[in-house]
Amino acid sequence: MKVRNPRTGETDYAIEPLGVAAVTAATKRLRTNQPAWAAMPIAERCTIMLRWADAMEKHAGAIIEQLTIDTGRAGIAAIEVGGVPGTIRRWAALAPDIIAQQSPCEIQSANPTVVNSTRLVPFPLFGAIAPWNFPMTLSTIDAIPALFAGCAALVKPSEITPRFVEPLKASIAEVPELAKVLEIIVGDAETGQALVANVDYVCFTGSVATGRKVAVAAAEAFIPANLELGGKDPMIILASADPVEAAKTALRASILATGQACQSIERLYVARAIYDQFLETLVTEAEKVRLNYPDINEGEIGPFIFAPQGHKIDEQITEAKAKGARILTGGTVEILGGGTYLRPTVIADATPDMAIIRDESFGPVLPVIAFDSIDDAIAQANDSIYGLSAAVIAGTTQEAEAVGVKLEAGAISINDGSMTAMVWDAENSSFKMSGMGPSRMGESGLTRFFRKQALIRQTGTPARIQDFAEENFAGDKGQ
Ligand code: NAD
């Protein structure tokens, strides 16, 4: 299977997608090794995981190099690779206490002769399916806590961005105990389907369309499907906000990583009193933003990793213009050196019926709608199939929060935007079609991988069948 280079447009890499038989063989090996991994004291698993963090740092140069080619961006590749050892160390610091707290023992039951305790039993085999927008982060974000929990892990990154897998695997090979229970595989939809059919818990990050297929397959297999899907995040900017600062925040929250982030701000609702000043600043600041072309080490915006995304947004912009929207800056998809680029695109006079307001864009577009009443802004923000996250900017925290709690989304940035990209300790659920299942953030990121097993200890005489004889209940039966 040929893989395209997002900067040159050339297919300069290839993968051999793992077929059903190979996936099944991998899962068999992981299942064989998992019980010993789960039986280790958590402190021992922490030590092994910390050795992986060190090994990853040793291999960071090679991973960054390949991830840079995969994604066409250098700085974010370095941030992604640099962040994962930190994630491992954070979980190593947290996991022992969380596991201890969740494993109560010797609890007196309501029944006086019974004492209970609860054991955490990890799902044996965890599977992750990841998208192309943050390949390293999203391939490891769920697998790391699953491994701390004692699961074995099978991970399938996107076939659009597979180059970083080889050097990442080299870091795993340095920790033989971990290599027994963690496998990263390359492949496409078919490989993903085989993964879902073979694991005990699946975390899927990707589009709503594929997420639905994964949910159906998981339901057939009776396994939990934890889905992290798309979004169309709104930002509401109230009249009390500083329009200049709000515009700068909105720009960053919308176009970082070329807008290829699930939590990117993709719709802006601005109080009419500050609409003109907000737009003026937004355009001025947007025009300062540079492409990272031709020099990958300069600028803020990279190429689309997946070129068809650029064409999809092009269609959204064309439709918006036809329906009366005004493109104040940007708006033209450019092919430069074989890569597909779009400069930050500010769209005024957008209306709720436009695809650019309704459908996920996944690019650096900022459609802006003016509002006269806050209730109307809230209603428009909530008028979406998505409910991933949202943002409110106001003059005070209280004012922003009063609006934020009325938004139907799982994470609300108050006086900032897209904060879930940077804040990982706040538990949040994906509302509506943006996902399903427990939060990957906060403690639940770890505890979701355990089933609870109660040990119910009888210290007295067990009940006998005669205790349940019909005649014993004559009074209860009204006789
Ligand atoms: P996608 O749904 O096309 O693919 C995601 C993964 O699913 C890939 O690894 C792919 O090979 C695999 N796959 C495809 N068909 C499959 C099937 N039938 N069974 C199992 N696996 C299958 O998504 P994408 O285009 O790679 O990523 C972009 C999408 O991801 C956007 O919608 C974005 O919003 C979303 N996303 C969500 C989050 C989040 O945390 N909520 C984070 C990042 C991206």
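Where is the place of glutamate 106? That one is taken up in point 6, after the ligand and the domains.

1. Ground rules. This is a predicted model, in which local features need pLDDT of at least 70, side-chain atom pairs count only at pLDDT 80 or more, and totals for chains, interfaces and linings use all residues. Numbering runs from 1 along each chain as its sequence is written, and side-chain values use heavy atoms, with hydrogens and water left out.

2. Who surrounds the ligand. There are 29 residues around the ligand, and Ala130, Glu159, Ser207, Leu229 and Glu360 come nearest; a residue counts as near if one of its heavy atoms lies within 4 Å. By type, the shell splits into 13 nonpolar, nine polar and seven charged residues (Ala, Val, Leu, Ile, Met, Phe, Trp, Tyr, Cys and Pro are nonpolar, Asp, Glu, Lys and Arg charged, and the others, Gly among them, polar). Three elements, α9 (189-198), β8 (201-205) and α10 (208-221), each give at least two residues to that shell; helices (H or I, at least four residues) and strands (E, at least two) are DSSP runs, numbered from the N terminus.

3. Polar partners. Ligand oxygen atoms sit 2.6 Å from a side-chain N or O atom of glutamate 159 and 2.8 Å from one of threonine 210. At leucine 229 the partner is the backbone: a polar atom there is 2.7 Å from a ligand nitrogen. The protein covers 89% of the 860 Å² of accessible area that the ligand has on its own (Shrake-Rupley method, 1.4 Å probe).

4. Two domains, one ligand. The domain assignment gives domain 1 (2-229 + 434-456) and domain 2 (233-429); such bounds come from an automatic or database assignment. Each of the two supplies at least three residues of the ligand shell.

5. The domain interface. Taken over C-alpha atoms, the centres of domain 1 and domain 2 are 30 Å apart. Their contact (heavy atoms within 4.5 Å) takes 29 residues from domain 1 and 33 from domain 2. About 2,500 Å² is buried between them, 60% of it from carbon and sulfur atoms; buried area is the accessible area (1.4 Å probe) that two parts lose on being put together, summed over both. Arg7, Trp132 and Met441 supply 28% of what domain 1 buries against domain 2, more than any other three residues.

6. Backbone spots to check. Glutamate 106 lies in the loop between α4 (75-102) and β3 (107-108), and its phi is near 55°, positive in a residue other than glycine. The peptide bond from tyrosine 293 to proline 294 is cis, with omega near 0°, and proline 294 is in the loop between α12 (272-288) and α13 (308-322).

Methods
Polar contact = N/O pair within 3.5 Å; in protein donor to acceptor, adjacent residues only side chain to side chain.
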